[in-house]
Amino acid sequence: MAIFCSCVRAQNSEGFTLESEDDGVQVFLREELAGELSVRVRTQARAPMRRVREVLDDAPRYPEWVHRCDDAYIVGGGQVNDYIFVSGIDMPFPFRDKEVVARVRQSTDGRGVLTRTITVAPSAIPPNRSRDRQEVYAGEWIVRPLASGGVELQCTVRTDAGTGLPSWLRKEVMTGGPARTIANLRRRLEASAG
């Protein structure tokens with residue numbers, strides 16, 4: 001359960017406000033237009049950069065650590081650093097399951113920082129009639145190597161996935177999901193590093 005900051009919330013230069021910090025995972029929020037929300041989650045992990053890249057590139061195993069993901073795969077025909085992926089989102093009854101189809105572009109700069117940019121691409125493959133396809137979704141992973149040998153993990157997502165959902169489910173999907181996902185990723189990385 002998240003521990004919410006009861007003090008005056010600090011806002012950074014990008015307009016994000018610290019929403020919660022629990023077990024080394026920080027969650028920042030920024031309200032957007034039309035019911036959209038940007039969520040940024042940040043933590044550190046004791047793992048080498050190569051292992052982070054292996055886990056992030058292994059889409060079929062996303063259901064093992066990505067919150068509410070029930071299926072994921074990379075569409076054939078892409079390249080190692082530029083490809084289309086599909087991720088299913090399992091929603092509780094009576095809500096329809098959702099699906100994200102997006103392009104991933106990734107690069108590592110001269111300091112060893114990995115940046116993965118995720119841009120919605122809903123028309124990249126034919127529609128799945130059993131799921132609602134997300135039309136608004138953008139994400140960015142920034143993975144920075146630390147002098148200690150570990151990494152800082154930061155994921156920012158902008159979506160309207162919670163629009164029309166009851167407030168308890170909107171909060172669980174929009175803020176709880178990213179926090180659980182990055183905490184699960186940290187555990188996965190540290191278990192295999194150790």
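pLDDT is the predictor's confidence in each residue, from 0 to 100. This is a predicted model, in which local features need pLDDT of at least 70 and side-chain atom pairs count only at pLDDT 80 or more, while totals for chains, interfaces and linings use all residues. Residues are numbered from 1 along each chain as its sequence is written, and side-chain values use heavy atoms, with hydrogens and water left out.

**Exercise 1.** Find where confidence is lowest and highest among the helices and strands (DSSP runs, numbered from the N terminus: H or I of at least four residues, E of at least two).

*Solution.* Begin with the chain, which averages a pLDDT of 85, with 83% of the residues scoring at least 70. Then turn to the elements: helix H2 (residues 167-193) has the lowest mean, 79, whereas strand S7 (residues 114-120) has the highest, 96. Finally, consider residues 1-9, where pLDDT stays under 50. Where pLDDT is low, the predicted coordinates should not be read in detail.

**Exercise 2.** Describe the largest nonpolar core (buried Ala, Val, Leu, Ile, Met, Phe, Trp, Tyr and Cys residues joined through side-chain atoms within 4.5 Å; buried means under 20% relative accessible area, with a 1.4 Å probe and protein chains only).

*Solution.* The core has 38 residues, and those with the most contacts (heavy atoms within 4.5 Å) inside it are Leu 56, Tyr 62, Leu 153, Leu 185 and Leu 189. Its largest share, 5 residues, comes from H2. Next, follow Tyr 62, which, leaving aside residues up to four places away in sequence, touches Val 55, Leu 56, Cys 69, Ala 72, Phe 85 and Arg 116.

How values were computed
Buried < 20%, exposed > 50% of the residue type's maximum accessible area, 1.4 Å probe, protein only.
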